[in-house]
Amino acid sequence: MDEEELTLKYGAKHVIMLFVPVTLCMVVVVATIKSVSFYTEKNGQQLIYTPFTEDTKSVGQRLLNSVLNTIIMISVIVVMTIFLVVLYKYRCYKFIHGWLILSSLMLLFWFSFMYLGEVFKTYNIAMDYPTVAVIIWNFGAVGMVCIHWKGPLPLQQAYLIAISALMALVFIKYLPEWSAWVILGAISVYDLIAVLCPKGPLRMLVETAQERNEPIFPALIYSYEEVQQTDGSAPEREGAEPQTRPLPSGMPRSYSTEDDLEEDRGVKLGLGDFIFYSVLVGKAAATGGDWNTTLACFVAILIGLCLTLLLLAIFKKALPALPISITFGLVFYFSTDYLVQPFMDNLAAHQFYI
């Protein structure tokens, strides 16, 4: 098989292998938004990172508050990312692992308990607390082992998709409506800068990891890897693999390395990309309330992901996964919600069919 055929084969496979987890994550979020009212109810509570309320009569004041909320949120993300890079640069691995473990504990135990409770309330399912405790303990404990130690790769992938969906649902509930849209636009710009600028934090992180020949933490990245081994044995997924080339969160990148024993081909996507893709589609489902708008955003994100991988194949350079998809998603959302849907409603009212 020549190089072009090999690139085409694995390129198409990588697209499919990215579509499946991204689609699953967005489907979980949209299904929850449409069925569990808890995540769409606004009770005045907001994240500590978005202190300015949008319950104002003035449109200008509401817009100003959403911009201020966005500035604070992006500033927190920038500071935490730089903090992570500094810790990694000075080899504070134990501190980073502790930080990631605490984050995973909160997501797998607390957020999943909240989610399960709201699902039970919605469907009027009665269950005693000891049984719920056993379910949450088993779910969380297995997830901690798979993510931070070792376990089957499909199970680890499923847990990463689950925690991305849980995080996205929390953002959808507690982010003010206008602030959420402005934050989505701003995070795309930040992702572009952080990945492509020479001194961007994500770029510095991956360059440091490549210099040390170390993998980036599996709790931050969804990875699909295809390993072909000469002895025919199945690949085993562990928390840290010395043979895996590291990639930053937020950058899908296909790669191949060859040696005497195995050929490793894989694609990786940061969990932040899963979260913000799902936030966009979930917000469209929650605020638009129409399936046309939700499906338009879903298709836009997948088209953007395809274009990102296409540019990746052209430029042979790691690229951010958010800007194209989020830009398409925002354009599709507002155009569908404010142009296409009123037009279709008008056609239906006059019983015109196209």
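This briefing walks through the fold, the helices, the core, the pocket and a few single residues of one protein.

The model is predicted. The protein has 10 helices and 3 strands. Of its 354 residues, 46% are buried. Two helices, α3 and α5, get a closer look below, and so does the largest pocket.

**Overall layout**

- Read from the N terminus, the elements run α-α-α-α-α-α-α-β-β-β-α-α-α.
- Take the contacts in the protein with a separation of 6 or more: residues 24 or more positions apart account for 73% of them.

**Helix α3**

- Helix α3 covers residues 93-122, which makes 30 residues.
- From first C-alpha to last, α3 reaches 42 Å. That is close to the 44 Å expected at 1.5 Å a residue.
- α3 has a kink of about 30 degrees, and serine 112 is at its centre.
- Serine 112 is also one of the buried residues of α3.
- Other buried residues of α3 include Ile96, Leu100, Leu107, Leu108, Phe109 and Phe111. Farther along the numbering, Leu116, Glu118, Val119 and Phe120 are among them too.
- What do the buried residues of α3 pack against? They pack against α2 (59-89), α4 (129-148) and α5 (153-174).
- Just after α3 comes asparagine 124, with a positive phi of about 55 degrees.

**Helix α5**

- α5 has 22 residues. Its reach from first C-alpha to last is 32 Å, close to the 32 Å expected at 1.5 Å a residue.
- Why is α5 described as largely enclosed by the rest of the structure? Because 18 of its 22 residues are buried.

**The nonpolar core**

- The largest nonpolar core has 84 residues. Val22, Phe171, Tyr277 and Leu280 have the most contacts inside it.
- α5 gives the largest share of this core, 13 residues.
- In soluble globular proteins, nonpolar side chains tend to be buried together.
- Phenylalanine 171 touches Leu47, Met73, Ile275 and Val279, leaving out residues up to four places away in sequence.

**The largest pocket**

- The largest pocket holds about 1,400 Å³ of space.
- Its lining has two or more residues from each of α2, α3, α5, α6 (177-196), α7 (201-212) and α8 (271-288).
- Which element gives the largest share of the lining? It is α3, with 9 residues.
- In total, 39 residues line the largest pocket. Ile77, Met167, Phe171, Leu220 and Ile275 lie nearest its centre.
- Phe171 and Ile275 are both in that central group, and phenylalanine 171 touches Ile275.

**Two loop residues with positive phi**

- Arginine 91 lies in the loop between α2 and α3. Its phi is positive, about 60 degrees, although it is not a glycine.
- Is arginine 91 buried or partly exposed? Its relative accessibility is 49%, so it counts as partly exposed.
- Asparagine 213 sits in the loop between α7 and β1 (221-229). Asparagine 213 also has a positive phi of about 60 degrees, although it is not a glycine.
- Asparagine 213 is exposed, because its relative accessible area is 53% and the cut-off for exposed is over 50%.

**Buried residues in helices α6 and α10**

- Aspartate 191 is found in helix α6. Its relative accessibility is 5%, so it counts as buried.
- Aspartate 191 and proline 323 are 132 residues apart in sequence. In space they are 7.1 Å apart, C-alpha to C-alpha.
- Glycine 329 belongs to helix α10. Its relative accessibility is 0%, so glycine 329 counts as buried.
- The C-alpha atoms of glycine 329 and alanine 300 are separated by 5.1 Å. Along the chain these two are 29 residues apart.
- Setting aside neighbours within four places in sequence, glycine 329 is in contact with Leu280, Cys297 and Ala300.
- Leu280 is one of the residues with the most contacts inside the largest nonpolar core.
- Threonine 336 lies in helix α10, residues 322-349. At 8% relative accessibility, threonine 336 counts as buried, because buried means under 20%.
- Which residues does threonine 336 touch, not counting residues up to four places away in sequence? They are Asn292, Thr293, Ala296, Gln341 and Pro342.

Methods:
Residues are numbered from 1 along each chain as its sequence is written. This is a predicted model: local features need pLDDT of at least 70, side-chain atom pairs count only at pLDDT 80 or more; totals for chains, interfaces and linings use all residues. Side-chain values use heavy atoms; hydrogens and water are left out. Helices (H or I, at least four residues) and strands (E, at least two) are DSSP runs, numbered from the N terminus. The expected span of a helix is 1.5 Å times one less than its number of residues. The bend at a residue is the angle between axes fitted to the seven residues ending there and the seven starting there. Buried means under 20% relative accessible area, exposed over 50%, partly exposed in between (1.4 Å probe, protein chains only). Contact means heavy atoms within 4.5 Å. A nonpolar core is a set of buried Ala, Val, Leu, Ile, Met, Phe, Trp, Tyr and Cys residues joined through side-chain atoms within 4.5 Å. On a 1 Å grid over the protein atoms alone, a cavity is a set of points where a 1.4 Å probe fits but cannot get out, and a pocket is an open set with protein on both sides within 12 Å along at least five of seven lines; lining residues have an atom within 4 Å of a point. Grid points are joined across faces, edges and corners, and a volume is the space filled by probe spheres set on the points.
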